[in-house]
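I opened this notebook page to record what I looked up on one pocket and on several helix packings. The entries follow in the order in which I made them.

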Amino acid sequence: MKTLGFYRLSTLRTAILGVLMALQLILGRFSFSPTTFFRFSFTFIATVLMAVWVGPIWASVASALTDIVGTLIMGSPYFVGFTISAILGAFIYGVFLYDQRVSLVKVIIAQVLISVIVNLVLNTLWLTLMYKTPFWALLPARGLKELVSAPIQIFIIYIILKNTTIRTLGRRL
Amino acid sequence: MDKFIFGRFIPGESWVHKMDPRAKLLISFFFILLVFFANNVMSYVLVFAVLISSILLSGVSLGFFIKGIRPLLWLMVFTVIIQILFGAGGHVYWSWGWISITQQGVISAVYILLRFLAIIMMSTLLTLTTQPLQIADGVEELLKPLKKIHFPVETLALMLSLALRFVPTLMDEATKIMDAQRARGVDFGSGGVKQQVKTVVPLLIPLFVSAFNRASDIAIAMEARGYKDGLNRTKYRELRWRKQDSISGLIYVVAGVVLLFIRN
């Protein structure tokens with residue numbers, strides 16, 4: 001990790017973060033359902049690329065902003081907890097994947113941390129705080145979903161980060 | 001894939017439409033906070049009176065609000081059913097083993113349903129009456145105080161404008177790539193899990209490459225026009241706080257104070 005602070009961004013990195021924020025807003029729409037009962041979206045890949053290209057700090061503020069503006073634009077209820085989740089998710093990806101050799105183990109650790117801490121515990125907690133949905137009743141259903149989606153996410157992240165084209169792009173930064 | 005409409009803004013000329021986005025953002029956050037405080041019949045009546053008068057003032061038809069509820073429907077049904085079945089206290093209507101429907105359970109289920117409706121309808125109202133770009137400007141202005149602690153508000157605002165500008169373009173791009181891959185025989189959305197994941201990669205890699213190339217073109221063009229990070233630039237789009245923003249804000253604050261008195 002080079003730096004934790006808000007280092008000054010080059011114009012190129014500013015533009016790339018902007019475009020990746022647009023992709024974060026879009027990719028939610030390209031969801032696919034491997035099995036009938038759950039949908040799976042690709043937003044996390046835009047977050048991963050942010051984390052890999054500009055580091056944890058900038059990636060997390062950019063994701064936070066996408067979360068705030070995205071929810072407001074799409075008309076879903078805004079709750080600050082989900083912004084915290086977005087920050088944490090991007091930060092964890094950044095810590096494990098920014099400025100270092102990508103290995104399958106790192107991807108797995110990062111994704112498992114995010115799936116368990118952020119998606120499972122925190123996001124369920126936010127729903128409980130917001131709508132009084134019973135925490136322990138919701139947890140198993142969401143846990144099952146994470147159990148299916150985490151391996152898929154690990155697989156996709158690893159393939160994309162190992163892809164030569166994407167790595168060439170990274171070197172242009 | 002459903003047709004993508006970015007934002008769900010409905011043009012109009014009403015009181016709510018003409019309000020400053022900052023005022024609308026602050027009011028909606030404040031309203032959500034109010035809903036958390038409501039805990040008896042009178043307080044919910046007050047919350048809905050304020051909400052429904054705002055909706056009437058916006059002149060948007062009710063059908064749009066019902067559409068806004070749909071995405072959260074499963075969570076609503078789930079929460080309400082759990083509350084009814086496992087809520088304890090008061091008169092017992094029916095019980096079977098450890099499941100029982102009680103008076104208290106039904107009452108709290110109704111409250112939770114109302115809470116859901118109020119929060120969702122308010123967020124929908126904000127979305128329907130404010131353009132995405134205005135929302136972005138409003139959020140930016142509200143983040144301005146963070147500049148004091150060296151938070152890079154201006155750079156973030158720039159990223160956000162870029163993002164909003166490129167949502168439709170990249171969306172078209174994604175559709176084009178999908179069609180191009182389809183024309184070469186990729187079959188999206190069929191086969192097993194592994195097969196489906198494999199078809200996604202030929203969609204994503206070109207999308208990211210094209211996004212990257214676009215970004216680098218923009219960066220060069222921006223620099224050619226004299227962009228430099230950290231310069232104090234002026235603003236072309238400026239928000240104006242009008243009298244009706246203050247009036248609306250005041251009404252909500254008064255409602256908030258009244259609510260604090262009638263809740264128990």
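Before reading off the pocket, I noted the term: a pocket is an open set of grid points with protein on both sides within 12 Å along at least five of seven lines. A volume is the space filled by probe spheres set on those points. I also noted that the model is predicted.

Entry 1, the pocket. I looked up the second largest pocket and found a volume of about 610 Å³. Its lining comprises 21 residues, and B:Leu158, B:Ser161, B:Arg233, B:Thr234 and B:Lys235 lie nearest the centre. Helix 6 (132-143), helix 7 (153-183) and helix 8 (193-224) of chain B are the elements that give two or more residues to this lining. I recorded helix 7 of chain B as the one that gives the most, with six residues. By class, the lining residues are 11 nonpolar, two polar and eight charged.

Entry 2, a pair within chain B. I then examined helix 4 (residues 73-86) and helix 5 (residues 103-129) of chain B, which pack at about 160° with their axes 8 Å apart. Angles over 145 degrees count as roughly antiparallel, and these two helices of chain B, 4 and 5, are therefore roughly antiparallel to each other. Their crossing is right-handed. On helix 4 of chain B the contact residues include B:Leu75, B:Met76 and B:Thr79, and on helix 5 of chain B they include B:Ile112, B:Leu113 and B:Phe116. I listed this contact as 10 nonpolar, four polar and no charged residues.

Entry 3, between chains, helix 8 of chain B. Helix 8 of chain B, noted above for the pocket lining, also packs against helix 6 (residues 135-162) of chain A, at an angle of about 40° and with the axes 11 Å apart. The two helices are therefore oblique to each other, and I noted a right-handed crossing. From helix 6 of chain A come A:Ile152, A:Phe155, A:Ile156, A:Ile159 and A:Ile160, while helix 8 of chain B contributes residues including B:Val197, B:Leu204 and B:Phe208. The contact has 11 nonpolar residues, with no polar and no charged.

Entry 4, between chains, helix 6 of chain B. Which residues does helix 3 of chain A meet in helix 6 of chain B? The axes of helix 3 (residues 56-74) of chain A and helix 6 of chain B come within 10 Å and cross at roughly 135°, which makes the pair oblique. The crossing is right-handed. I found A:Leu65, A:Ile68, A:Val69, A:Leu72 and A:Ile73 meeting B:Pro132, B:Ile135, B:Val139 and B:Leu143. These residues divide into nine nonpolar, no polar and no charged.

Key:
Residues numbered from 1 in each chain as written. Chains lettered and ligands numbered in written order. Predicted model: local features only at pLDDT ≥ 70, side-chain atom pairs only at ≥ 80, totals over all residues. Heavy atoms only, no water. 1 Å grid on protein atoms, 1.4 Å probe; cavity = no way out; pocket = protein on both sides within 12 Å on 5 of 7 lines; lining within 4 Å. Nonpolar A, V, L, I, M, F, W, Y, C, P; charged D, E, K, R; others polar. Axes fitted to C-alpha atoms, helices over the stretch in contact; angles between N-to-C directions. Parallel < 35°, antiparallel > 145°, perpendicular 65-115°, else oblique. Left-handed = near helix turned anticlockwise from the far one by under 90°. Contact = heavy atoms within 4.5 Å.
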